[in-house]
Amino acid sequence: RKDTVPPPAPEFERPTMDEITTAKVPEITGTAEAGSTVAIFINGQLAGTIEADANGRFTFTPPQDLGDGQVTL
């Protein structure tokens, strides 16, 4: 039987929208459908992909320094 229902969009837990961080390479965590591949875009550019674990959790560390200023995930 084919799954025809799209999964819900991944949700970010950290960093939060209101969180100000001084980390140049912050750990990005969140939830998604278990076993799904999550594509992480930073400022509109693909930064990488990560697979959500069996519990639907993922952790991604950007491959490079994000620099100063506002960043969009």
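In which segment is Pro62 found? Pro62 is found in the segment after β5, and the legends below return to this residue in a predicted model.

**Figure 1. The whole protein chain, an assembly of strands in the order β-β-β-β-β.** The secondary structure of this predicted model comes to 0 helices and 5 strands. Along its principal axes, the C-alpha trace of the protein chain spans about 50 × 20 × 15 Å. The protein chain has 73 residues, of which 22% count as buried. Its accessible surface comes to about 5600 Å², and carbon and sulfur atoms hold 50% of that area. Among contacts in the protein chain with a separation of 6 or more, 45% are between residues 24 or more positions apart. The protein chain carries 5 positive and 11 negative charges, and the mean positions of these two sets are 6 Å apart.

**Figure 2. The largest nonpolar core, with 8 residues.** Its members are Ile28, Ala32, Val38, Ile40, Ile42, Ala52, Phe58 and Phe60. Two strands, β3 (37-42) and β5 (57-60), each supply at least two residues of this core. The largest share, 3 residues, comes from β3. Val38, one of the core residues, is in contact with Pro10, Ala32, Gly48, Thr49, Ile50 and Phe58 once neighbours within four places in sequence are left aside.

**Figure 3. Pro62 and its surroundings, in the segment after β5.** Pro62 has a relative accessible area of 6% and is therefore buried, the limit being under 20%. Leaving aside neighbours within four places in sequence, Pro62 is in contact with Val25, Pro26, Ile28 and Ile42. Of these partners, Ile28 and Ile42 are also listed in the largest nonpolar core. Ile50 stands 12 residues from Pro62 along the chain, and the C-alpha atoms of the two are separated by 11 Å.

**Figure 4. Ser36 in the loop between β2 (28-31) and β3.** Ser36 counts as buried because its relative accessibility is 17%, and the limit is under 20%. The side chain of Ser36 reaches the backbone oxygen of Glu33 at 2.6 Å. Not counting residues up to four places away in sequence, Ser36 touches Ile50, Glu51 and Ala52. Ala52 is also a member of the largest nonpolar core, and Ile50 is in contact with Val38 as well.

**Figure 5. The cis peptide bond between Arg14 and Pro15.** Most peptide bonds are trans. The bond that joins Arg14 and Pro15 is cis, with an omega of about -10 degrees. Pro15 lies in the loop between β1 (11-14) and β2.

**Figure 6. Asn43, a residue with a positive phi.** Most residues other than glycine have a negative phi. Asn43 is not a glycine, yet its phi is about 50 degrees. This residue is found in the loop between β3 and β4 (45-51). Is Asn43 buried, partly exposed or exposed? Asn43 counts as partly exposed because its relative accessibility is 45%, a value in between the limits of 20% and 50%.

How values were computed
Residues numbered from 1 in each chain as written. Predicted model: local features only at pLDDT ≥ 70, side-chain atom pairs only at ≥ 80, totals over all residues. Heavy atoms only, no water. Core = buried A, V, L, I, M, F, W, Y, C linked by side-chain atoms within 4.5 Å. Buried < 20%, exposed > 50% of the residue type's maximum accessible area, 1.4 Å probe, protein only. Helix = DSSP H or I, 4+ residues; strand = E, 2+ residues; numbered from the N terminus. Contact = heavy atoms within 4.5 Å. Areas by Shrake-Rupley, 256 points an atom, 1.4 Å probe, with all protein chains shown as cover. Lys, Arg positive; Asp, Glu negative; His and termini not counted. Charge placed at Lys NZ, Arg CZ, Asp CG, Glu CD. Polar contact = N/O pair within 3.5 Å; in protein donor to acceptor, adjacent residues only side chain to side chain.
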